[in-house]
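Reader: I should like to learn how to read the features of a structural model, beginning with its internal space. Please take me through them in turn.

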Amino acid sequence: MTDPTSRDMTSRKLRAVGTTIFTEMTALARRTGAVNLGQGFPDTDGPPAMLAAAQRAIASGLNQYPPLDGLPELREAIARQRLQRYGQDAGDILVTAGATEAVAAALIGLCDPGDEVVVFEPYYDSYRANLAMAGAVRRPVQLGGEGEAFAFDPDELRAAITPRTKLILLNSPHNPTGKVFTRAELSLIAELCVAHDLIAVTDEVYEYLVYDGLAHIPLATLPGMADRTLTISSAGKTFSATGWKIGWACGPANLVSATRTAKQFLTFASGTPLQAAVAVGLDEELGWVAALRDDMQQRRDRLGAALVGMGARVYPCEGTYFLQIDARSLGYDDGVKLCHDLAHKAGVVAIPAQVFFDDADAGRRYVRFAFCKSDAVLDEGIGRLSKFSS
């Protein structure tokens, strides 16, 4: 007789998802005492005025459920932010438990089983699970790193669109590659969305962390896209408050309504005092965010120089928290093997980027490092990397 406790009871749609790589590699960092340059969370706090606003909100009794759509003051602040920064009417706004819930609720709410979703790979690992939950079919388009920077083949994107395609899921600035999609690339995506009557869901959580004078261009601002784009962002990356899990989705009423239908049965609503504080952040602390961007650019350059110094081929990082290297430049064909050797021999944890690919072989050579760490942590990591290379 089979022991019922030995059976895998995970549903078929989620059985291939497994444990997130971030849980696995963070546990490895703890076991080995390694410096964690893998998981993309900062280890310093956000703007003091925003933190103080959260404390005041708690003390004032703002501790019960907020409205499903979010506190009015936060939704108004988001609308002002979109208008001032991008000249964009945000449309309807739904506050979520981080951008991760916004993406999940959007895909569950918008997709029927069998609908196809075009996604650029490598892609953030929650996308795979979210699409599985929605019963949707992934149609990956690869961001290749054979040239100087990551780019996609326009013909491959065109070929990925079929009569069953429902939407394009776009992440820019892009995790894990650090790519910021260009206006020309976004224009092609917009043209295809219009031509094939597709929805776009855009994950723009790193919208403020764009470097070297480049600009983040929301897809919704391009011709023909305002009425077919659901734009997602969050306070986590903008204000170095990833544990607050305050995100939002905005766009035309029909897309937000579909997202709301799913979201109401996920968390309903959360983080009331934190929502109040994020409203303060958006209205009063964007100068702090600009300083954060400049600081992150310097950290990127320091870690990038250290990786180059150890012989690694480092891809350009135009935005986000991440630098990606080619493991082959360090004599490894397999990024997983390099990551385990780095943890055990150098005491540094990174993320093998092949887990972000449908085609694991295509991603086998990539390894991702996070530079969103304090000076002490980054200095210790750089010192350990230099010993590994020597």
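Author: Let us begin with enclosed space in this predicted model. Rolling a probe the size of a water molecule over the atoms shows where empty space is left. Here the largest cavity holds about 40 Å³ of space. A search of the whole structure for cavities of 30 Å³ or more returns 1.

Reader: Which residues line the largest cavity, and how does the lining divide into nonpolar, polar and charged residues?

Author: The lining consists of Pro66, Pro67, Leu68, Asp69, Gly70, Val95, Thr96, Ala97, Lys263, Ala269, Ser270 and Gln275. By class, 6 of these residues are nonpolar, 4 are polar and 2 are charged.

Reader: Gln275 is one of those lining residues. Is Gln275 buried or exposed in helix H11?

Author: Gln275 is buried, and so are Thr272, Pro273, Leu274, Ala276, Ala277, Val278, Ala279, Val280, Gly281 and Leu282 of H11. Because 11 of the 13 residues of H11 are buried, the helix is largely enclosed by the rest of the structure. H11 covers residues 272-284, and its first and last C-alpha atoms are 19 Å apart, close to the 18 Å expected at 1.5 Å a residue.

Reader: Let us turn to open space. What is the volume of the largest pocket?

Author: The volume of the largest pocket is about 600 Å³. It is lined by 27 residues, of which Gly40, Thr100, Tyr124, Lys237 and Lys245 are the closest to its centre. The lining comprises 10 nonpolar, 12 polar and 5 charged residues.

Reader: Which helices each supply at least two residues of that lining, and where does the largest share come from?

Author: Helices H5, H6 (126-134) and H9 (235-238) each supply at least two residues. The largest share, 4 residues, comes from H5.

Reader: How does the length of H5 agree with what its number of residues suggests, and how many of its residues are buried?

Author: One compares the span between the end C-alpha atoms with the span expected at 1.5 Å a residue. For H5, residues 98-110, the 13 residues should span 18 Å, and the end C-alpha atoms are 18 Å apart, which agrees. As for burial, 10 of the 13 residues of H5 are buried, so this helix is largely enclosed by the rest of the structure. The buried residues are Gly98, Ala99, Glu101, Ala102, Val103, Ala104, Ala105, Ala106, Leu107 and Leu110.

Reader: I should now like to read a sheet. What is the order of the strands in the open sheet of 4 strands?

Author: Strands of a sheet pair through backbone hydrogen bonds, either parallel or antiparallel. In this case the order is E9-E10-E13-E12, and the pairing is antiparallel. E9 and E12 (351-352) stand at the edges with a single partner strand each, so one side of each has no neighbour in the sheet.

Reader: How many bridges join E10 to E9 and to E13?

Author: E9, residues 313-314, pairs with E10 over 2 bridges, and Val314 has Ile325 of E10 as its bridge partner. E10 pairs with E13, residues 366-370, over 5 bridges. There Gln324 stands opposite Arg368 of E13.

Reader: Which residues of E10 point one way, and which the other?

Author: Phe322, Gln324 and Asp326 point one way, while Leu323 and Ile325 point the other way. Both groups are buried, and the strand, residues 322-326, is mostly covered, with 5 of its 5 residues buried.

Reader: How should the protein be judged as a whole against a compact globule?

Author: A compact globule of 390 residues would have a radius of gyration near 21 Å; the protein has 21 Å, and therefore agrees with that expectation. Its C-alpha trace spans about 60 × 55 × 50 Å along the principal axes. The protein contains 15 helices and 13 strands, and 56% of its 390 residues count as buried.

Reader: Finally, where does Asp379 lie, and how is its accessibility classed?

Author: Asp379 lies in helix H15, residues 375-389. It counts as partly exposed because its relative accessibility is 42%, and that class runs between the cut-offs of 20% and 50%. The C-alpha atoms of Asp379 and Arg12 are separated by 44 Å, with the two residues 367 residues apart along the chain.

Conventions. Residues are numbered from 1 along each chain as its sequence is written. This is a predicted model: local features need pLDDT of at least 70, side-chain atom pairs count only at pLDDT 80 or more; totals for chains, interfaces and linings use all residues. Side-chain values use heavy atoms; hydrogens and water are left out. Buried means under 20% relative accessible area, exposed over 50%, partly exposed in between (1.4 Å probe, protein chains only). Two strands pair if DSSP finds at least two bridges between them. The expected span of a helix is 1.5 Å times one less than its number of residues. On a 1 Å grid over the protein atoms alone, a cavity is a set of points where a 1.4 Å probe fits but cannot get out, and a pocket is an open set with protein on both sides within 12 Å along at least five of seven lines; lining residues have an atom within 4 Å of a point. Grid points are joined across faces, edges and corners, and a volume is the space filled by probe spheres set on the points. Ala, Val, Leu, Ile, Met, Phe, Trp, Tyr, Cys and Pro count as nonpolar, Asp, Glu, Lys and Arg as charged, and the others, Gly among them, as polar. The radius of gyration is taken over C-alpha atoms; the globule rule is 2.2 Å times the number of residues to the power 0.38.
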